[in-house]
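Q: I am new to this structure and would like to go through it step by step. Could we start with the terms and then look at the parts?

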Amino acid sequence: MTMRPAHDRIRFWLEAPGGAVAATWFRPPPGSTTSIAVVVVPGIAHEDRTTSTGLAAIGEACTNVGMHALLFDLEGTAQSTGNLESEGIVAHWLDDVRVAVDHARGLGFEHVVVVGVRTGALVSVVALQDHPVDAMVLWSPITSGRRYGRELRLLQNVSNEAVSTAMATDPTADIEIAGFTIPADVIHSLRTLELAKITSAPAPTMLIIDAPESDHADAAKHLRDIGATVDELTGPQTDAWVNRATDGSAIPEADIDTVVRWVREAAGTARPTAPPALDPRDFPSSRLVEHQGEVIRETLWMVGSGALCGVWSEPADADRARPGAAVCVLVPAVGPGRSFVQFARGQAVLGRSSLRLDISGFGTSPRRPDQPWSIYYSSVGSSDIHEAIDEVSRRGCRRIVIIGFCATAWSALQASNRPEVVGAVALNVHLYVRDRPASILNGTGRTHLERAIDRRLPRNRRATLYHAIYRRLPLRGAALEWARRVVDRGARLIFIFDSHDDGLSYLRRRMTANWEARLADGTMRLRTYPALGHGLEGPTDRARMMTDLSDELAALDESV
């Protein structure tokens, strides 16, 4: 799939009955003669995070063939307002879909197509059965909310060793999965959503695409029975995309090409029609947001030369700002279990401003030229964080704390050699990874061992093996050297680990008398939690850790 490295995007707040959803228009180059808007509806919680970069790839692919694409976060997910505990959240998701479709129609697009992924597919068919669009794609769809609830509980029990016995066996308990808490009320409300119960087709032409082993024959038959023409296609890359619970899952590029071609043919017109002109000045990027009973302000930013997607959280009024408080730069923008969103908003309530950011090739942040999607452990990440520091500094902030998780913590340490950076927080960072993994992807600077591995393993399996090698061999990771630079110039370094994390084991093996002295004088802080999990999936320890981190930041401010 050929993709342009940079895209013209408009980020804005889209008002909905339950609050506001964070949305992004992907715009094709000037001169497009295709008046088609593709509205992409994501899944929820762990699904949204797993597929987020792939959703942006769908947006890019649409613009490559002249179509516009609208990506948005359902209420209570990712960057949108609210949370999964919000009353009536599932009904609000139905409203969100209808609002997004009406928004596209109101702008004047001739054709509107919806692409629903996982839970987003189920929400879309129910929401639009009396509000049909021109065409619809159901991608690896959830077709039964009742069955989905049972599957989530089973997945929780298999994947989460820390889950309590009560949560594992009680069908009325919340579900903990991949760092997200899905309230029992949400599971109960989802049970009312059934594709088999809709009475009219949400679109005259529909596509169901899923992994080869999936079977949606019953769903396709019901859609045909209520008047839709239904195509069924297999997506060989779909399973690896939707069923791998990481932020960096594989992008189903060939499957995306298949879907985009289908959309273009299903909604295409015989005559060229110019799309409406979208002026960024007509789309609100700043909004008041309620959090913990208080009102803060959030602004959707485009950061640096790469137009990275960021969100600036701050007190609603200048007089609520804490004097002298360091500004936080959090990477990634959402964080495990949406923890960075909640943390940044909570800090704004306390008077501290924050920028949360996705580095290039992740989330809706565009890739750099000639860069693949989702590259961890490369100089690209630190370059992006440098641009975020520059952006914050230009706005008058002179004291900055960088907070990163896992691979972005590795990049945060690399980028912390700046005088404005007064603190670096590394959560479950893989300190043993050396500063050469970019060569894993581009084949430069290879050792004999690495070249041998390259010949025998596909790219998506190489990084796992390299990390295992780095973890076991007595090699000095560059991240520890970057960490030393932080404390040597007097900035605060805070390591946070699950008690069983590989990164913590590596740190303890490498702990020297100098590091012990740093711990003793407080320049370096080390906090460990027995049930945090590498992905911060332990809800109790995650909440305690975030409270402790807030206290650490307050202490750092007081030390000035």
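A: Certainly. Helices, of at least four residues, and strands, of at least two, are DSSP runs numbered from the N terminus. The model is a predicted one.

Q: Then where does Lys197 lie?

A: Lys197 sits in the loop that runs between helix H6 (184-190) and strand E9 (205-210).

Q: Is Lys197 buried or exposed?

A: Lys197 counts as exposed, because its relative accessibility is 63%, and the cut-off for exposed is over 50%.

Q: Which residues gather with Lys197 in a patch on the surface?

A: Arg146, Arg147, Arg150 and Arg191 gather with Lys197, and the patch is one of positive charge.

Q: Let us change topic to the whole chain. How many helices and strands does the chain have?

A: The secondary structure comes to 19 helices and 19 strands.

Q: And what share of the residues counts as buried?

A: Of the chain's 560 residues, 61% count as buried. The chain exposes about 21,700 Å², and carbon and sulfur atoms supply 51% of that area.

Q: What about contacts between residues at least 6 apart in sequence?

A: Among those contacts, 71% join residues at least 24 apart.

Q: Now to helix H12. Why is H12 described as largely enclosed?

A: Helix H12 covers residues 407-414, and eight of its eight residues are buried, so the rest of the structure largely encloses it. Among these buried residues are Trp410, Leu413 and Gln414.

Q: What do the buried residues of H12 pack against?

A: They pack against four strands and two helices by name: strands E14 (327-331), E16 (400-405), E17 (421-427) and E18 (492-498), together with helices H11 (379-394) and H16 (478-488).

Q: Could you take one residue of H12 as an example?

A: Ser411 is found in helix H12. Ser411 is buried, with a relative accessible area of 4%.

Q: Which residues does Ser411 touch, leaving out those up to four places away in sequence?

A: Ser411 touches Ser378, Gly381, Ser382 and Ile385. As for Ser383, which is 28 residues from Ser411 along the chain, the C-alpha atoms of the two are separated by 8.6 Å.

Q: H16 came up as well. Which residues of H16 are buried?

A: The buried residues of H16 are Ala478, Ala479, Leu480, Trp482, Ala483, Val486 and Val487.

Q: And what covers the buried residues of H16?

A: The cover includes H12 and E18, as well as helix H17 (502-510), helix H18 (513-521) and strand E19 (524-529).

Q: What comes just after H16?

A: Gly490 lies just after H16, and it takes a positive phi of about 90°.

Key
Residues are numbered from 1 along each chain as its sequence is written. This is a predicted model: local features need pLDDT of at least 70, side-chain atom pairs count only at pLDDT 80 or more; totals for chains, interfaces and linings use all residues. Side-chain values use heavy atoms; hydrogens and water are left out. Patches are made of residues with over 30% relative accessible area and no salt bridge: like charges are joined within 9 Å, nonpolar side chains (Val, Leu, Ile, Met, Phe, Trp, Tyr) within 5 Å. Accessible areas come from the Shrake-Rupley method with a 1.4 Å probe; for residues, only the protein chains shown count as cover. A salt bridge is a side-chain nitrogen of Lys or Arg within 4 Å of a carboxyl oxygen of Asp or Glu. Lys and Arg count as positive and Asp and Glu as negative; His and the chain ends are not counted. The place of a charge is taken as NZ of Lys, CZ of Arg, CG of Asp or CD of Glu. Buried means under 20% relative accessible area, exposed over 50%, partly exposed in between (1.4 Å probe, protein chains only). Contact means heavy atoms within 4.5 Å.
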